[in-house]
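Trainee: Could we take a close look at one part of this model together? I'd like to start with the whole chain and then zoom in on the sheet.

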Amino acid sequence: MTQSSYDGAFIVSSGRCGSTLMSNLVDIHPGMTSISELFACVEPRAFVLRNPTGKQFWKLLSQVRPGVSKALNPENCPDEFLYPLDQGRYTNATLPPILRVTLPFLFQDPDAVYDRLQPLIEERPRAPLAQHYRFLFDWIAQEAGSPHWVERSGASLSMVREIHKHFPEAKLVHVYRDGRDVALSINNHPGVRAFAHNWVRFRKIGIDLMREPFELSSNRLIAFAEPFAQHIVNLDKQLVTPLPLKDIGAFWSAMVEIGVGHLKSVPAKQKYDVCYEELVAEPVEHLREFIRFVDPALECEDWLYRAAQMPRRGRSNWKDLPKADRDELEKACAPGLEVLGYAA
């Protein structure tokens with residue numbers, strides 16, 4: 001298979017702000033393929049490899065991640081986890097990362113697609129990591145029948161620096177939402193909340209998991225320690241324990257400040273902002289702009305009509321909090337809200 005000349009697109013966000021909606025909107029477009037949660041499912045090793053062989057890259061996609069198995073499963077993430085455990089040949093404990101969301105999102109028989117993909121990846125020669133990813137994305141898109149792929153992973157705003165470094169010509173779609181609502185939603189989502197727990201914990205000893213040199217997706221030491229880390233940080237407890245509002249708000253705000261800071265290095269023609277509240281209020285206008293940004297040739301009135309029916313206002317509403325909690329959350333979110341242009 002020859003790789004396409006399409007440079008690709010990535011939906012980046014803090015998570016819990018409408019990025020899943022955008023992935024679903026991409027999925028119903030006849031000319032686009034949604035690569036869902038690939039980077040999230042191979043964390044914290046998404047960008048650790050530099051010049052891997054095909055077998056090393058396949059190991060990244062297929063080797064069970066203990067932490068991911070605990071965090072991204074039907075119990076903790078019922079909306080995201082898609083593998084048919086009752087029909088497939090794997091259990092949650094043995095399930096390869098790429099089969100948790102990415103392949104079952106697109107294919108009725110993800111095991112069969114996985115089997116076809118394995119030898120194609122393993123036989124590839126040593127190459128820069130981005131070339132392996134691009135081959136994977138192009139192949140999946142070809143199998144799905146829509147050549148334009150868009151990768152979307154939750155909390156990928158923390159990966160903007162690495163994504164742009166590996167895919168300098170790709171387009172980045174930044175989806176955002178009022179951080180006061182996002183923070184509440186993160187606190188109710190075990191998977192993203194575990195990231196927040198660890199960010200808070202390690203920052204106390206001078207380690208910021210969203211900044212160099214400790215950036216979670218590219219730090220080799222953290223990736224090496226991953227099999228033991230779930231016990232050290234007590235992942236089981238993190239998955240059921242909400243954070244104080246000041247901490248969850250600070251986590252969201254830091255991700256926005258860091259991610260938007262890295263977006264400044266992306267050429268203006270390669271980035272596009274999608275405000276969740278504006279998308280819900282005027283879906284046709286914003287979806288038309290979005291599809292023109294990805295590729296004007298993809299503009300499709302039928303898709304636009306169907307897609308415009310999908311955006312719905314989110315469930316979280318920070319204004320319903322008691323005043324003391326509301327004030328605490330607003331203070332923690334203030335830096336990120338200012339970066340995104342939300343009124344105080």
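What percentage of the 344 residues in the chain do buried residues make up? And once we zoom in, in what order do the strands of the open sheet lie?

Mentor: Buried residues make up 57% of the 344, where buried means under 20% relative accessible area, exposed over 50% and partly exposed in between, using a 1.4 Å probe and protein chains only. Before we go on, bear in mind that this is a predicted model: local features need pLDDT of at least 70, side-chain atom pairs count only at pLDDT 80 or more, and totals for chains, interfaces and linings use all residues. Residues are numbered from 1 along each chain as its sequence is written, and side-chain values use heavy atoms, leaving out hydrogens and water.

Now the overall picture. You'll find 17 helices and five strands in the chain; both are DSSP runs numbered from the N terminus, helices being H or I with at least four residues and strands E with at least two. The radius of gyration is 19 Å, close to the 20 Å that the globule rule gives for 344 residues, so the chain is as compact as a globular protein of that length. (That radius is taken over C-alpha atoms, and the rule is 2.2 Å times the number of residues to the power 0.38.) Along its principal axes, the C-alpha trace spans about 60 × 50 × 40 Å.

On to your sheet. It's an open one with five strands in the order β2-β3-β1-β4-β5, and the pairing is parallel. Two strands count as paired if DSSP finds at least two bridges between them. At the edges sit β2 (32-36) and β5 (271-275), each pairing on one side only. From one strand to the next, the twist averages 20°, with axes being lines fitted to C-alpha atoms (for helices, over the stretch in contact) and angles running from 0 to 180 degrees between N-to-C directions.

Let's walk across from β2. Five bridges tie β2 to β3 (residues 148-152), and the two run parallel; here Ser-36 stands opposite Arg-152. Next, three bridges join β3 to β1, again parallel, with Val-150 in β3 as the bridge partner of Ala-9. On the way to β4 (residues 171-176), β1 makes four bridges, also parallel, and Ile-11 faces Val-173 there.

Have a good look at β1 (residues 9-12), since both of its faces are covered. Ala-9 and Ile-11 on one side, and Phe-10 and Val-12 on the other, are all buried.

Val-173 also leads us out of the sheet: it's one of the residues in contact with Phe-290, along with Met-22, Val-26, Met-32, Tyr-272 and Trp-303, leaving aside neighbours within four places in sequence. Contact here means heavy atoms within 4.5 Å. Phe-290 matters to our picture of the largest nonpolar core: of its 102 residues, Phe-39, Tyr-133, Phe-137 and Phe-290 touch the most other members. Such a core is a set of buried Ala, Val, Leu, Ile, Met, Phe, Trp, Tyr and Cys residues joined through side-chain atoms within 4.5 Å. Helix α13 (residues 245-263) gives the most to this core, with eleven residues.
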